[in-house]
There are 2 protein chains.
Amino acid sequence: MDKFLSLPLEKQNTIVDGALTAFGTNGYKKASVSDIAAAAGISKAMVFHYFGTKKALYLYLIKLCGTTMMDEINEKFDRAVTDFFDRIRLAGDIKLAVIQKHPAILLFLSSVLHENDDEVKQDIRMLLADQNVTSFREKIAFEGVNTSKFKEGVDPKLIVKMLTWMSEGYFNDITGYGDTDLEIFYKEFLDCLVLLKKVCYK
Amino acid sequence: MDKFLSLPLEKQNTIVDGALTAFGTNGYKKASVSDIAAAAGISKAMVFHYFGTKKALYLYLIKLCGTTMMDEINEKFDRAVTDFFDRIRLAGDIKLAVIQKHPAILLFLSSVLHENDDEVKQDIRMLLADQNVTSFREKIAFEGVNTSKFKEGVDPKLIVKMLTWMSEGYFNDITGYGDTDLEIFYKEFLDCLVLLKKVCYK
DNA sequence: ATCTTGTAAACCGATTCGGTCAATGAAAGC
DNA sequence: GCTTTCATTGACCGAATCGGTTTACAAGAT
């Protein structure tokens, strides 16, 4: 494990991203170490040299994702922002920054949440109990948010649902794009927020 | 092949849905015939008895999805509907009906579009050339639609993008739910359409 | 009693699995 | 120059799984 951590950071990231992609697209069982090695640009033997076993690598990635997201949240989140749409935008900013660090991270995390293989199922539950990603997302988006600015007849909860779906679809679309396209997509997403704010507020 | 087609329709559907799920979640190569058999509730030998080879089953499913979607479109699509939001709803109705017939169909089709295995890549291209699913979706949603009813300053194209993302996220959510939950989710989706119409039209 | 027919368990050779190891080669210390 | 160290890999291991076949069996139909 320390073998891996003493690698240059750039190489670490290449390997992590390859592993995230391989596990994310195929799940724990069906992602073979050969797949991972190929996606990471190293030989299969090196995977074992760095991480010992396939399972150790998998669990390391889960922990890494947790800290990566936490770091970004701690850096960017600002509870002084109470406007509904500004909060949504904040959440989007955080998500985008995470994706720019590790493009396959959302793919991987979603596959981890659905993972059902006996070899890792229990370990996942314990790791996710330590971290608490899902509950954090709720807090970030909606805790202490001011919803009094909405027009009569506009249900904020419905807007929340809409925006949740939108950002799901939006982040689905950008999975696997380069950095430049990513920013363009994000501008369009922000345009949508502006539009919604215009038509939904008093 | 005729062995399979002479099965009672209910059993055919069970098998098809299992196979769609297995291929859809793992792709052509990584979905083993054992997986498929287990998901379909039959023995591995029966898969070969019915379809001959794994590849033949895969290509049969692609064709089946094509005709299933075409049938639903031909039955429900009405070009006389020109209102923007009514059209979106029409497209949603069609998608929902297809999902109710085969819950894993969208998952499968999306995985087919991304499939990259040499054993089936070329066959997929030829089958998709015959059918033309993607172009149809565009037509259904937007051909001959009246966009003059939007408020000043509301860009219809942006609304389209929003709704595309929304329905992507929405249909992502419902993938793998039972029939009852599905209808509830759909009502919420329709509520969003009503809300958007209210705030975006003159 | 015999002949289908639908079905699954056991089986086939080939491939791939997670994981190991011997050999290579480039750097580093002396 | 010589040795030691260490990162790296292709070849390799037994075990599991692959796509696909064969056999065995139970239930009707004749």
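How many residues surround DNA strand D, and which are the closest? In this predicted model, where local features need pLDDT of at least 70, side-chain atom pairs count only at pLDDT 80 or more, and totals for chains, interfaces and linings use all residues, 13 residues surround that strand, the closest being A:Ser43, A:Ala45, B:Ser32, B:Thr53 and B:Lys54. A residue is near a strand if its C-beta atom, placed from the backbone, lies within 6 Å of it. Two or more residues of this surface come from each of helix 4 of chain A and helix 3 (33–40) and helix 4 of chain B, where helices are DSSP runs (H or I, at least four residues) numbered from the N terminus. Residues are numbered from 1 along each chain as its sequence is written, and chains are lettered from A in the order in which they are written.

By class, the surface near DNA strand D has 6 nonpolar, 5 polar and 2 charged residues; nonpolar means Ala, Val, Leu, Ile, Met, Phe, Trp, Tyr, Cys and Pro, charged means Asp, Glu, Lys and Arg, and the others, Gly among them, count as polar.

DNA strand C is surrounded by 14 residues, with A:Ser32, A:Ala45, A:Lys54, B:Ser43 and B:Ala45 the closest. Helix 4 (44–51) of chain B, along with helix 3 (33–40) and helix 4 (44–51) of chain A, supplies at least two residues there, and the largest share, 4 residues, comes from helix 4 of chain B. This surface has 6 nonpolar, 5 polar and 3 charged residues.

Turning to a single residue, A:Asp93 lies in helix 6 (residues 84–101) of chain A.
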